[in-house]
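User: Please examine one part of this model closely, and then set that part in the context of the whole chain.

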Amino acid sequence: MSIVRKMILGYILLIFIPVVTFGYYYYSKLYDSVSRQFVESRQKILEQAYSNMKADLARIDSTQRMLQYNPYVTDYLDGSYETDSESIYAYNRYINPVILQSLNISPEIDTFRIYITKQGVLPITDRLLELSALDEQGAEATRMLRPGQGKWILPDSKLEAPPLVFYQNIYNHDFTEIVGLLELRVGSELIRKFYRATGGGDWTALLLPPEGELPEREGILSAVAPSTWARMVSGESQTYFINREVIVNQLFIQELGVRVAVIGKVSEVFRSIRSQEIVMITTFAVLLALLSFAYYTLASTITKRVLRLARHMRNLNDDNLKQSISKEDKPGRKDEISFLTETYNSMLLRMDELINNVHRAELRNKEAAYKVLQAQIKPHFLYNTLETIRMLAESNNDKEVAEISYWFGKLMRYSLSAQEDHTVLSQEIETVVFYLNIHKMRLQKRLTYEVDIAVAAEQMSCPRFILQPLVENSIIHGASVTLRPVHIRIQAAETEDEIRISVSDSGIGIPEDRLQQIHDRLSRGDEVKPQEEEEGGVGLYNVSERIKSFYGGASRLVLESEEGKGTCLTIIIEKGVASDHANLNSRR
């Protein structure tokens, strides 16, 4: 046998057959891995859809808290109004607007009812009914309601998208007696929205009891094997499973006391993979047979050095710019691969130098810009506060001066005592409240405010004096220039991708041409020129630049205003790309 035949035979026995065998084994494992990853991704989609529905349910059942802490509602249900005329007036004047507001906040609500539990309270329309009007299903569901907790039920779980009903008791002022029962009926659209979020299309979603028989749905039972249904009926805790026919993802909905199962056919999911399987195997076999001989003859002379270089490239990162490839080449070798290796080593050295220099320069520039921006903002706050104290001292010679001095002392301590340039959001909000109290002392009933914080403010880092310029803008350009009352609202909330901190007022707003000038300045991001400082908007520009410098990414300041209606300034902080010193691990 010639040496060529021996090489071919040895290649087939030692390389070709093991490679084909391994390829088949690897393909099987890869198919299983892809299947598992797909099922896990489907489970995450289901969990996200459940989170969205859970938020909708929480928003709807928050209606009870609006009613519970409304004194007019509790007084009415507690029988505080002695005559029918007083009851009707209180309902039309105070209670009905609260109900309409709840319906606007939660448009999913189809029916809004409060069942009166006390004798002598006047029922009005179809929203305030006597407890005897409650149906048997509702009476059974609410018999064991715990104080402070509501209950969701499915009045007809056999429907494809059943409606929902929420019950929760309403107590008197002292929480010692039940004075009403809230009933909210939600249409089927909420469940349909949940189904659509789970995938839709070729996927079928079912609501199942935790254990027991499955609902009879035409066309579904016949399409799935009995063993799969038996596995689902058993109510086992496994969240998902896959077999040769179907993929099943399950999740327990605690609020409704049911399971949701999302079913999809394997043949539909992996149709494209199966259709290309034969072509892929055939192509692989032909190419492997044609290229085997050429590969075998060239591998020992060229491929090893190229693979060595490629392996070094794969292990390369910003912290590992080492040079070691040239040490493994023979001395004096001047072929193309040696030239490529030398050039590659020189490139690594230059990249390492550039990365270090650029990184240090960026850090210095950011720190310098941050110091300058903060220094521009603090004097404005101090001057305005001193002016307010002076005006109050001239107009009122009483204890109010002592109070405003106390608040101002707090602000001065916050401004001048700390050594760090950043703080946490809770301290920043507390400082803004002191600032608002000072101006409220001056403007009296012309200024009201509220603070609504729905993030972990004690854990969230932020630049110092980032909110005060926004509040100052609302007071100076919103409350101080008009004689009518102005309301300022400070709100912080978060979503999956970002955190929003807004300062809004009901002042006179900003003219359209002036609003466009400020938008242009914020979007340019240029340094403020001396002649532009007299035009205003410098504080907003500084805040915008500090937000970009501190949080990075797409974080920004957004200005919205309508003349005659008010202004809203929103700080948008993008999660996941913030600077190292900005801790955005707020609560979930």
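Which residues make the nonpolar surface patch of about 510 Å²?

Analyst: The patch of about 510 Å² is made by Ile12, Leu13, Leu14, Ile15, Ile17 and Val19. This is a predicted model, in which local features need pLDDT of at least 70 and side-chain atom pairs count only at pLDDT 80 or more, whereas totals for chains, interfaces and linings use all residues. Residues are numbered from 1 along each chain as its sequence is written, and side-chain values use heavy atoms, with hydrogens and water left out.

A patch of this kind joins nonpolar side chains (Val, Leu, Ile, Met, Phe, Trp, Tyr) within 5 Å, and like charges within 9 Å, among residues with over 30% relative accessible area and no salt bridge. One of its members, Leu14, lies in helix H1, residues 3-61; helices (H or I, at least four residues) and strands (E, at least two) are DSSP runs, numbered from the N terminus. Leu14 counts as exposed because its relative accessibility is 68%. Buried means under 20%, exposed over 50% and partly exposed in between, with a 1.4 Å probe and protein chains only.

For the wider setting, the protein chain comes to 16 helices and 16 strands. Its accessible surface is about 33,900 Å², of which carbon and sulfur atoms supply 54%; the areas come from the Shrake-Rupley method with a 1.4 Å probe. Of the 588 residues, 39% count as buried. Among contacts (heavy atoms within 4.5 Å) between residues at least 6 apart in sequence, 64% join residues at least 24 apart.

Helix H1, which carries Leu14, also contributes to the interior. The largest nonpolar core has 50 residues, and those with the most contacts inside it are Tyr76, Leu77, Leu164, Phe194, Ile253 and Leu256. The largest share of this core, eight residues, comes from H1. A core is a set of buried Ala, Val, Leu, Ile, Met, Phe, Trp, Tyr and Cys residues joined through side-chain atoms within 4.5 Å. Phe194, with its neighbours within four places in sequence left aside, touches Leu46, Ala49, Tyr50, Met53, Ile253 and Val260. Another core lies apart from this one; it has 46 residues, among them Ile404, Trp407, Leu425 and Ala479.

Ala479 is also one of the buried residues of helix H13. That helix, residues 468-479, is mostly covered, with 10 of its 12 residues buried. Ile476 belongs to H13 as well, but at a relative accessible area of 33% it is partly exposed. Between Ile476 and Gly507 the C-alpha to C-alpha distance is 9.8 Å, although 31 residues separate them in sequence.

Charged pairs provide further links. A salt bridge requires a side-chain nitrogen of Lys or Arg within 4 Å of a carboxyl oxygen of Asp or Glu, and the count comes to 16. Arg489 and Asp452 meet in one of them, at 3.1 Å from N to O. Arg489 lies in strand S13 (residues 486-494) and Asp452 in strand S11 (residues 447-453), so this bridge ties together parts that are 37 residues apart in sequence. Both partners are partly exposed, Arg489 at 23% and Asp452 at 31%.

Lys575 and Glu494 form another salt bridge, their closest N and O atoms being 2.7 Å apart. It links distant parts of the chain, with Lys575 in the segment after strand S16 (566-574) and Glu494 in strand S13, 81 residues apart. Here Lys575 is buried at 13%, whereas Glu494 is partly exposed at 21%. Elsewhere, salt bridges link Asp56, Arg59, Glu108 and Lys193 in a network.

Aromatic rings of Phe, Tyr and Trp (its six-membered ring) pair when their centres lie within 6.5 Å; planes under 30 degrees apart are stacked, over 60 edge-to-face and the rest tilted. The count comes to eight pairs. One of them, Tyr69 with Phe175, is tilted, at 6.2 Å centre to centre and 50 degrees between the planes. Tyr69 lies in the loop between helix H2 (63-68) and helix H3 (71-77), and Phe175 in the loop between strand S4 (164-171) and strand S5 (178-186), so the pair ties together parts 106 residues apart in sequence. Tyr69 is exposed at 61% and Phe175 is partly exposed at 44%. Together with Tyr171, these two residues form a cluster linked by ring pairs.
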